[in-house]
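Here are my notes for your first look at this one. Have the viewer open while you read, and find each residue as it comes up.

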Amino acid sequence: MTIAPDTRIAVVTGASSGIGEATARTLAEQGFHVVVGARRLDRLEKLADEIGGTAIELDVTDEDSVAALGAVLPRVDVLVNNAGGAKGLATVLEADLDDWRWMWETNVLGTLRVTKALLPKLIDSGDGLIVTVTSVAAFSAYDNGSGYTSAKHAQAVLHRTLRGELLGKPVRLTEIAPGAVETEFSLVRFDGDQDRADKVYEGIDPLVADDIAEIIGFVASRPPHVNLDQIIVKPRDQADPGRFHRH
Ligand code: 8X3
């Protein structure tokens with residue numbers, strides 16, 4: 001990757017759509033060279049062209065893929081751990097082990113792999129920032145959601161632990177916990193069932209990806225001594241996971 005040595009680099013995982021894509025655009029507008037990672041390389045390359053960034057095929061569940069990302073980066077100033085998601089809604093009694101494995105692999109171990117790989121460079125930058133996109137599901141349990149809520153709790157605890165472990169190091173840590181954001185999230189959760197996905201947002205004014213990207217942009221543009229630890233953001237129409245005002 002050839003970029004001017006003083007250009008700051010932001011890495012965004014899960015950047016082929018939704019919050020990741022919007023965040024990549026926002027950080028590029030702020031002057032970062034944005035490295036966008038995801039599995040869908042065709043979409044990524046189009047995005048990277050548009051924002052003057054770099055597309056890297058990335059599977060956060062694959063050790064070699066993450067190592068390859070780490071090896072190609074000359075420096076890292078910002079990491080946005082955004083890759084993840086939900087699969088299914090099932091009671092504990094009917095839990096699908098494969099869905100659980102997918103959720104833990106992407107949200108929890110994916111965040112762990114990428115963070116471990118890039119942390120030395122974030123520290124070396126002298127002013128690093130790790131933003132981890134968790135969820136309101138990282139703060140409460142809800143019926144039929146234990147695979148996702150448990151994975152989001154674990155991802156959040158991993159992120160929050162770093163706040164203490166990195167105390168004294170030049171790295172800020174921000175957890176963004178969104179409620180309902182209309183992206184491909186529900187389509188993935190319901191295995192491509194568009195009608196079921198649409199119902200999640202029916203009658204509410206949900207958040208959109210740009211709402212979260214703007215907040216991440218605000219976080220990334222604070223001076224180095226300002227650490228926004230946690231930001232919970234929901235639509236006005238949502239009080240809690242699953243508790244909506246539908247009109
Ligand atoms: C998803 C949050 O409120 O759509 O992370 O279940 S919600």
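The points below start with one strand, move to the ligand, and end with two loop residues.

1. Before anything else, keep in mind that this is a predicted model. Everything below describes that prediction.

2. Start with strand β6, which covers residues 171–178. Is it buried or exposed? Eight of its eight residues are buried, so β6 is largely enclosed by the rest of the structure. The cut-off used here for buried is under 20% relative accessible area.

3. Now look at the two faces of β6. On one side you'll find V171, L173, E175 and A177, and on the other R172, T174, I176 and P178; all of them are buried. In other words, both faces are covered.

4. Which strands pair with β6? One is β5 (residues 128–133), which runs parallel to β6 and is joined to it by six bridges. To see one of these partnerships, pick T132 and look across to E175 in β6. Between the two strands, the chain passes through helix α5 (residues 146–165), and this β-α-β crossover is right-handed.

5. The other pairing to check is with β7, residues 230–233. This one is parallel too, with four bridges to β6. Try A177 here: its bridge partner in β7 is I232.

6. On to the ligand. Around it sit S135, V136, Y142, Y148, P178, G179, A180, F185 and Q238. You've met P178 already, as one of the buried residues of β6. By type, this shell has six nonpolar residues, three polar ones and no charged ones.

7. Which side chains have polar atoms close to the ligand's oxygen atoms? S135 has a polar side-chain atom 2.6 Å from a ligand oxygen. For Y148, an N or O atom of the side chain is 2.6 Å from an oxygen of the ligand. With Q238, the distance from a polar side-chain atom to a ligand oxygen is 2.8 Å. On its own the ligand would expose 250 Å², and the protein buries 89% of that.

8. Last, two backbone oddities worth clicking on. N144, in the loop between β5 and α5, has a positive phi near 70° without being a glycine. Its relative accessibility is 36%, so N144 counts as partly exposed.

9. D191 is not a glycine either, yet its phi is positive, at about 55°. Look for D191 in the loop between α6 (185–189) and α7 (194–200). Buried or exposed? D191 has 69% relative accessibility, so it counts as exposed.

Technical notes:
Residues are numbered from 1 along each chain as its sequence is written. This is a predicted model: local features need pLDDT of at least 70, side-chain atom pairs count only at pLDDT 80 or more; totals for chains, interfaces and linings use all residues. Side-chain values use heavy atoms; hydrogens and water are left out. Buried means under 20% relative accessible area, exposed over 50%, partly exposed in between (1.4 Å probe, protein chains only). Two strands pair if DSSP finds at least two bridges between them. A crossover is right-handed if, with the strands pointing away from the viewer, the path from the first strand over the helix to the second runs clockwise. A residue is near a molecule or strand if one of its heavy atoms lies within 4 Å of it. A polar contact is a pair of N or O atoms within 3.5 Å; within protein, one must be able to donate a hydrogen and the other to accept it, and residues adjacent in sequence count only if both atoms are side-chain atoms. Accessible areas come from the Shrake-Rupley method with a 1.4 Å probe; for residues, only the protein chains shown count as cover. Ala, Val, Leu, Ile, Met, Phe, Trp, Tyr, Cys and Pro count as nonpolar, Asp, Glu, Lys and Arg as charged, and the others, Gly among them, as polar.
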